[in-house]
Amino acid sequence: MVKNPDISPQHTEPFAADLLRGHTDTIVLGVLRDAESYGFEIYKTIRDATGGAYEIKEATLYATYRRLVKDGLVEASWGDETQGGRRKYYRITDAGRAVYQQNVQHWTATANIINKLLNVKGGTP
């Protein structure tokens with residue numbers, strides 16, 4: 001098998017990681033819809049939801065947490081663990097729920113349009 005030297009390893013993934021990165025805020029808000037969670041737990045939830053196929057880098061996640069808190073979409077508080085290190089817990093706000101729902105609607109509408117465009121002239125999305 002001949003490999004194309006112009007294709008980097010990131011382009012051999014079966015999905016477009018760049019598209020997912022653009023939705024990190026929405027993905028984190030989605031994880032927090034049901035219960036508050038701490039940083040590493042959110043990371044594991046995202047990783048496990050994809051069967052390990054996609055992981056968000058720690059630096060990206062912590063920048064996302066700071067941005068979501070600054071924008072009032074998530075609230076943060078320190079846990080009172082009796083053992084181990086202290087954990088910062090994140091909880092979605094009502095504004096965060098509204099943004100999550102709006103972003104999911106936008107994504108669904110966009111995906112429908114892209115699927116239709118890819119299906120032009122008999123292509124299969």
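# Exercises on a predicted model

In helix 2 of this predicted model, the buried residues are Thr24, Thr26, Val28, Leu29 and Gly30. The exercises below start from that helix.

**Exercise 1.** Find which elements the buried residues of helix 2 pack against.

Solution. Step one is to place helix 2, which covers 24-31. Step two is to list its packing partners: the buried residues of helix 2 pack against helix 1, helix 3 (39-49), helix 4 (58-70), strand 2, strand 3 and helix 5. Step three sets this in the whole chain, which has five helices and three strands. Along the sequence these elements follow the pattern α-α-β-α-α-β-β-α. Buried residues make up 22% of the 125 residues. Among contacts between residues at least 6 apart in sequence, 47% join residues at least 24 apart.

**Exercise 2.** Work out which strands stand at the edges of the sheet.

Solution. Begin with the order: the open sheet has three strands, arranged 1-3-2 with antiparallel pairing. Strand 1 (37-38) and strand 2 (74-78) each have a single partner strand, so each stands at an edge and has one side without a neighbour in the sheet. Next, look at how strand 1 is joined to strand 3 (residues 88-92): the two run antiparallel and are held by two bridges. One residue pair can be named here, since the bridge partner of Tyr38 in strand 3 is Tyr89.

**Exercise 3.** Describe the second largest pocket by its volume, its lining and the elements that supply that lining.

Solution. The volume comes to about 180 Å³. The lining consists of Leu19, Leu20, His23, Thr26, Ile27, Tyr100, Asn103, Val104 and Trp107. Two or more of these residues come from each of helix 1 (17-21), helix 2 (24-31) and helix 5 (94-118). Helix 5 gives the largest share, four residues. Sorted by class, the lining holds six nonpolar residues, three polar residues and no charged residues. Thr26 in this lining is also one of the buried residues of helix 2.

**Exercise 4.** Determine how far His23 lies from Asn103 and from Trp107, by C-alpha atoms.

Solution. Asn103 belongs to helix 5, and so does Trp107. Asn103 and His23 are 80 residues apart along the chain, with their C-alpha atoms separated by 8.6 Å. For Trp107 and His23, 84 residues apart along the chain, the separation is 9.2 Å. The last step is exposure. Asn103 is partly exposed, at 25% relative accessibility. Trp107 is also partly exposed, with a relative accessible area of 43%. Both values fall between the cut-offs of 20% and 50%.

**Exercise 5.** Classify the aromatic pair formed by Tyr62 and Tyr65, and state whether each residue is buried or partly exposed.

Solution. The count of aromatic pairs is four. In the pair of Tyr62 and Tyr65, the ring centres are 5.1 Å apart and the planes meet at 85 degrees, which makes the pair edge-to-face. An angle over 60 degrees is what this class requires. Both residues lie in helix 4, three residues apart, about one turn of the helix. An α-helix has 3.6 residues a turn, so residues three or four places apart point the same way. As for exposure, Tyr62 is partly exposed at 33% relative accessibility, whereas Tyr65 is buried at 2%. Finally, ring pairs link Tyr62 and Tyr65 with Tyr90 into a cluster.

How values were computed:
Residues are numbered from 1 along each chain as its sequence is written. This is a predicted model: local features need pLDDT of at least 70, side-chain atom pairs count only at pLDDT 80 or more; totals for chains, interfaces and linings use all residues. Side-chain values use heavy atoms; hydrogens and water are left out. On a 1 Å grid over the protein atoms alone, a cavity is a set of points where a 1.4 Å probe fits but cannot get out, and a pocket is an open set with protein on both sides within 12 Å along at least five of seven lines; lining residues have an atom within 4 Å of a point. Grid points are joined across faces, edges and corners, and a volume is the space filled by probe spheres set on the points. Ala, Val, Leu, Ile, Met, Phe, Trp, Tyr, Cys and Pro count as nonpolar, Asp, Glu, Lys and Arg as charged, and the others, Gly among them, as polar. Two strands pair if DSSP finds at least two bridges between them. Buried means under 20% relative accessible area, exposed over 50%, partly exposed in between (1.4 Å probe, protein chains only). Contact means heavy atoms within 4.5 Å. Rings of Phe, Tyr and Trp (its six-membered ring) pair if their centres lie within 6.5 Å; planes under 30 degrees apart count as stacked, over 60 as edge-to-face and the rest as tilted.
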